[in-house]
Amino acid sequence: MNHITIEPEECKGCRLCVEFCPKKCIAIGSSINKMGYQYAEFKSEKCCTACGICYYVCPEPGAITVFAEKKAEKEAVKIDE
Ligand code: SF4
Ligand code: SF4
């Protein structure tokens, strides 16, 4: 399935990914990371289209990784490689 991962310790809680995700798959959670930020969390694999918008708007290079499902093999691959 299409999905993303968000590294809690890389996230600054800026909300850009939350605002720009066209499917509203991301939300700011209630947990706080070591830097004191409430970090973003991925909410649902069902809605993610692997469009990559969250990855491109995020100011933290290591925070978000997007995985797109390969249609033929049903296998997730990173889109930024
Ligand atoms: S890849 Fe696209 S649909 Fe999936 S969480 Fe990111 S912005 Fe939303
Ligand atoms: S855009 Fe990046 S830094 Fe900002 S809330 Fe989303 S994951 Fe965190």
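This is a short walk through a predicted model of one protein chain and the two ligands described with it. In this predicted model, local features need pLDDT of at least 70 and side-chain atom pairs count only at pLDDT 80 or more, while totals for chains, interfaces and linings use all residues. Residues are numbered from 1 along each chain as its sequence is written, and chains are lettered from A and ligands numbered from 1 in the order in which they are written.

Let us begin with the overall layout. The protein chain contains two helices and five strands, and from the N terminus on they follow the order β-α-β-β-α-β-β. The radius of gyration, taken over C-alpha atoms, is 12 Å, close to the 12 Å that the globule rule gives for 81 residues, so the chain is as compact as a globular protein of that length. That rule is 2.2 Å times the number of residues to the power 0.38. Helices here are DSSP runs of H or I with at least four residues, and strands are runs of E with at least two, numbered from the N terminus. Along its principal axes, the C-alpha trace spans about 40 × 25 × 20 Å.

Now for the inside. Buried residues, those with 20 or more other C-beta atoms within 10 Å of their own (exposed means 12 or fewer, partly exposed in between; C-beta atoms are placed from the backbone), make up 17% of the 81 residues. The largest nonpolar core, a set of buried Ala, Val, Leu, Ile, Met, Phe, Trp, Tyr and Cys residues joined through C-beta atoms within 7 Å, has 14 residues, and Cys 17, Ile 26, Cys 54 and Ile 64 have the most contacts inside it. Both β3 and β4 supply at least two residues of this core. Beyond its neighbours within four places in sequence, Ile 64 is in contact (C-beta atoms, placed from the backbone, within 7 Å) with Ile 4, Ile 6, Cys 17, Cys 54, Tyr 55 and Cys 58.

Next come the ligands, where a residue is near if its C-beta atom, placed from the backbone, lies within 6 Å. Around ligand 1 there are 13 residues, with Cys 21, Cys 48, Cys 51, Ile 53 and Cys 54 coming nearest. Ligand 2 has 16 residues around it, and the nearest are Cys 11, Cys 14, Cys 17, Ala 40 and Cys 58. The elements giving two or more residues to that shell are α1 (16-20) and β3 (38-42).

Finally, look at Pro 61, in the loop between α2 (53-57) and β4 (64-70). Pro 61 is exposed, with 9 other C-beta atoms within 10 Å.

Methods: Contact = placed C-beta atoms within 7 Å.
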